[in-house]
Every structure is written in structure tokens, then in C-alpha cells.
Amino acid sequence: MLKNKKVLLFDVDGTLIESVGVWNQVDQELIRRLGGTPPEEHAVQLQRDAKLREFAGEADAYIAYCRFLGRQCGSAMSPEDIHTLRYDIAQDFLIHKVDYKPRAEEALRLFKEHGFHMAIATTTRRKNLEVYCTLNPNIRSKAPFPEYFDPIYSREDVREIKPNPEVYLKVMHHFGVEPAACLVFEDSLIGIEAAHRAGMEAVAMYDPYSDGEREDINRLAAYTFADYGALLAAARRELGD
């Protein structure tokens with residue numbers, strides 16, 4: 001898994017941190033405020049994933065997603081105003097509820113000690129990453145992003161979101177390495193697909209919110225782990241710790 005690897009690329013939501021469920025709750029509340037009746041949490045996620053995939057080629061997939069929600073709920077609000085409302089709702093969740101997945105910070109410390117370069121390659125928005133970096137006490141107390149990751153690429157750093165591989169290719173070019181020197185950590189099918197298209201091996205970290213795509217994730221991923229405890233055990237065997 002780690003042999004001949006120099007650069008470790010991490011997705012954020014659902015991979016490093018427990019946040020996918022948070023965004024499902026945010027979107028449920030957003031639908032309520034737009035005058036709609038929100039579906040159950042898993043259905044909200046499936047709808048969001050499908051629409052973001054559909055809108056991946058647009059200038060801003062999340063604005064397009066908010067336009068879709070507005071039309072679905074019969075709201076007169078503009079897509080831009082719906083987008084603003086979505087992030088207003090999200091702030092309390094992002095600051096106080098989001099946390100690392102169990103033992104994820106331990107894995108980051110191990111990789112840092114062994115000299116791997118680590119980068120964040122996500123389509124999460126920069127302002128969300130800034131919340132995690134500056135306001136979220138869970139993340140800051142365990143493994144502050146700026147101390148472990150450089151570069152940190154967000155939605156604003158690419159033209160197209162995953163499954164387009166642009167964000168992963170950007171990291172590769174930053175370090176001047178070939179795909180074979182990179183290892184991607186992802187939780188979702190679109191992330192695994194992006195890594196596959198970039199020619200990079202991918203580690204699938206289990207997240208229950210991706211269970212609907214589990215068969216395809218396992219087919220495309222080079223390695224799969226149920227949690228960071230299992231990843232740590234495998235990594236320590238390879239690294240001789």
C-alpha cells in the first residue's frame with residue numbers, strides 16, 4: 001500500500017471527518033425552510049450525490065444544486081440566496097459537531113513521522129475548510145489541518161469537481177510526481193472514480209453513507225478499510241512500527 005508512495009492525498013467529508021451526516025441534516029433543515037417536506041436522511045444524501053454528479057460540469061455545482069432544491073420546493077428564492085441560507089444553517093454544525101473519524105488523527109501523525117507529504121484534495125468549499133482550521137475545537141485540538149497538510153485544495157481551486165480528477169492532478173503537479181507515487185484516501189464512489197481517472201491507487205475508508213455504492217467502491221479501490229484502526233495496523237506493519 002505505502003511502498004514507493006511519496007504523496008498521500010485526502011478527501012475531507014466522510015473520509016477524514018464525520019460530516020456527511022451533518023450535511024444531510026443541514027439539507028433536511030434547508031428543505032423545510034424552503035417550504036418543502038424533507039425526505040429521510042439517506043434519501044437526502046442520495047439525491048444530493050446524484051445532483052452534484054449531474055451538475056459537475058457547471059460553473060458552480062452547488063449553486064445548481066440549490067437551484068434544483070428551490071424549484072423542487074416551489075421557493076421564490078434565488079439559487080444564490082438559497083446557497084447562502086444553506087451555509088448559514090451549516091455554521092453551528094461545522095463548528096461544534098464535526099469531528100475527526102475515530103483515530104484518523106493518529107494515522108496522520110504516523111504518516112507525518114515517516115515523512116510522507118500530505119495534501120487535502122477536496123471539493124469542500126474553502127470557507128468550510130477555514131471553519132475547520134480556525135473555529136472547530138475538535139479538529140484544532142487533535143491534528144490542525146495547516147500543520148499536517150500542504151497544499152490544501154478546495155472547491156475554488158478547480159474548474160470541475162469529482163469525479164473529474166482535476167483536484168488530484170493538481171496535487172500531483174504541485175509535487176512534481178507521477179501518479180504511481182500518490183495514494184488517495186476517499187470514502188465515496190465519485191472520489192474513488194476521480195482517483196481512478198487520475199491513474200492513482202485509492203484507499204476506500206468506510207463511511208456508512210456510501211453503502212449504496214459499496215460494490216462499485218470496492219471494485220475500483222486498491223485497498224479498503226473498515227476504520228482507521230484497521231488502516232493503522234496495516235500501515236504500521238508496512239512501516240515497521
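Arg103 is partly exposed in this predicted model, with a relative accessible area of 37%, and its phi is near 70°, a positive value in a residue other than glycine. Arg103 belongs to the loop that runs between strand E3 (99-100) and helix H5 (104-113). A positive phi in a residue other than glycine is also found at Asn4, where the angle is near 65°. Asn4 sits in the segment before E1, and because its relative accessibility of 62% is over 50%, Asn4 counts as exposed.

Two cis peptide bonds can be located in the loops on either side of strand E5. The bond from Asp150 to Pro151 is cis, with omega near 10°, and Pro151 lies in the loop between helix H8 (145-148) and E5. Lys162 and Pro163 are likewise joined by a cis peptide bond, with omega of about 15°, and Pro163 is placed in the loop between E5 and H9.

From that loop the chain leads into helix H9 (residues 166-175), whose buried residues are Glu166, Val167, Tyr168, Val171 and Met172. The spacing of such positions can be read against helix geometry: an α-helix has 3.6 residues a turn, so residues three or four places apart point the same way. The cover over the buried residues of H9 includes strand E1 (7-10), strand E4 (117-121), strand E5 (152-153), strand E6 (182-186) and helix H10 (189-197). After H9 comes Gly176, with a positive phi near 65°.

Turning to the interior, the largest nonpolar core has 62 residues, and Phe10, Phe111, Tyr132 and Phe145 are those with the most contacts inside it. Beyond its neighbours within four places in sequence, Phe10 is in contact with several residues, including Leu16, Leu108, Phe111, Met118, Ile120, Phe149, Phe185 and Tyr228. Apart from this core lies another, of 25 residues, among them Val7, Ile192, Ala202 and Ile217.

Tyr132 also takes part in a contact between two helices, where Tyr87, Gln91, Leu94 and Ile95 in H4 meet Lys127, Asn128, Val131 and Tyr132 in H6. The residues of this contact divide into five nonpolar, two polar and one charged. The axes of helix H4 (residues 79-96) and helix H6 (residues 126-134) come within 10 Å and cross at roughly 30°. Because angles under 35 degrees count as roughly parallel, H4 and H6 are described as roughly parallel to each other, and their crossing is right-handed.

Technical notes: Residues numbered from 1 in each chain as written. Predicted model: local features only at pLDDT ≥ 70, side-chain atom pairs only at ≥ 80, totals over all residues. Heavy atoms only, no water. Buried < 20%, exposed > 50% of the residue type's maximum accessible area, 1.4 Å probe, protein only. Helix = DSSP H or I, 4+ residues; strand = E, 2+ residues; numbered from the N terminus. Contact = heavy atoms within 4.5 Å. Core = buried A, V, L, I, M, F, W, Y, C linked by side-chain atoms within 4.5 Å. Axes fitted to C-alpha atoms, helices over the stretch in contact; angles between N-to-C directions. Parallel < 35°, antiparallel > 145°, perpendicular 65-115°, else oblique. Left-handed = near helix turned anticlockwise from the far one by under 90°. Nonpolar A, V, L, I, M, F, W, Y, C, P; charged D, E, K, R; others polar.
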